[in-house]
Amino acid sequence: MKQIRMMAMLAGLVLAAGVAQAVKPGEAAPAFSATDTKGQTRNLADFKGKYLVVEWTNPGCPYVQKHYQPGHMQKIQKLCTEKGAAWLTVQTATAG
């Protein structure tokens, strides 16, 4: 879960920095760098050659809760990351 939190911060910073832009399927994502929750600078290039899953989530959403409370999403995250995929989580809710 620590890795997921780190990736969530990274993805959130990317979006906050205004990097998010329309990208069509099959196009390369725009280059970016951001600081993760451990204070390390990460670049999109760090994930080159890996499958990358970007998940937008809001813990207060009943649909998100439906998949997280019984542990379904955690199992999927574990399976994907064990197979070498990188998982970025963007939390779209504020603290509290």
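**View 1. The salt bridge between Glu-82 and Lys-78.** In this predicted model, the side chains of Glu-82 and Lys-78 come together in a salt bridge, with 3.6 Å from N to O. If you go looking for others, a search of the whole structure turns up one salt bridge. Both partners sit in helix H3, and because they are four residues apart there, about one helical turn separates them. Side chains of opposite charge can pair when their charged atoms come close. Neither end is tucked away: Glu-82 is exposed at 56% relative accessible area, and Lys-78 is exposed as well, at 52%. As for how far to trust this bit, helix H3 (residues 72-82) has the highest mean pLDDT among the elements of the protein, 93.

**View 2. Strands E3 and E4, side by side.** E3 and E4 run parallel and pair over six bridges. To pick out one rung of the ladder, take Val-54, whose bridge partner in E4 is Leu-88. Strand E4 covers residues 86-91, and five of its six residues are buried, so the rest of the structure largely encloses it. Strand E3 spans residues 52-57.

**View 3. Thr-57 and its surroundings.** Thr-57 belongs to strand E3. Its relative accessibility is just 9%, so it counts as buried, the cut-off being under 20%. What does Thr-57 touch once its neighbours within four places in sequence are left aside? The contact list reads Val-64, Tyr-68, Thr-89, Val-90, Gln-91 and Thr-92. Of those names, Thr-89, Val-90 and Gln-91 fall within strand E4, residues 86-91.

**View 4. A nonpolar patch on the surface.** Leu-52, Val-54 and Trp-56 make up a nonpolar surface patch of about 280 Å². Trp-56 is part of strand E3. In a regular strand the side chains alternate between the two faces of the sheet. Val-54 does double duty here, as a member of the patch and as the bridge partner of Leu-88 in E4.

**View 5. Leu-44 and Phe-32, two buried loop residues.** Leu-44 is in the loop between strand E2 (41-43) and E3, while Phe-32 is in the loop between helix H1 (2-16) and strand E1 (33-35). Both pass the test for buried, which is under 20% relative accessible area: Leu-44 comes in at 18% and Phe-32 at 13%. Not counting residues up to four places away in sequence, Leu-44 touches Ala-29, Pro-30, Ala-31, Phe-32 and Leu-52. For a backbone yardstick, the C-alpha atoms of Leu-44 and Ala-29 are 8.3 Å apart, with their positions 15 residues apart along the chain. Phe-32 and Ala-45 are 13 residues apart in sequence, and their C-alpha atoms are separated by 8.2 Å.

**View 6. Zooming back out.** Three helices and four strands build the protein, in the order α-β-β-β-α-α-β from the N terminus. Of its 96 residues, 27% count as buried, and the accessible surface is about 6800 Å², with 57% of that belonging to carbon and sulfur atoms. Among contacts with a separation of 6 or more, 56% join residues 24 or more positions apart. The mean pLDDT is 76, and 71% of residues reach 70 or more. Keep an eye on H1, though: its mean pLDDT of 50 is the lowest among the elements.

Conventions
Residues are numbered from 1 along each chain as its sequence is written. This is a predicted model: local features need pLDDT of at least 70, side-chain atom pairs count only at pLDDT 80 or more; totals for chains, interfaces and linings use all residues. Side-chain values use heavy atoms; hydrogens and water are left out. Buried means under 20% relative accessible area, exposed over 50%, partly exposed in between (1.4 Å probe, protein chains only). Contact means heavy atoms within 4.5 Å. Accessible areas come from the Shrake-Rupley method with a 1.4 Å probe; for residues, only the protein chains shown count as cover. Patches are made of residues with over 30% relative accessible area and no salt bridge: like charges are joined within 9 Å, nonpolar side chains (Val, Leu, Ile, Met, Phe, Trp, Tyr) within 5 Å. A salt bridge is a side-chain nitrogen of Lys or Arg within 4 Å of a carboxyl oxygen of Asp or Glu. Two strands pair if DSSP finds at least two bridges between them. pLDDT is the predictor's confidence in each residue, from 0 to 100.
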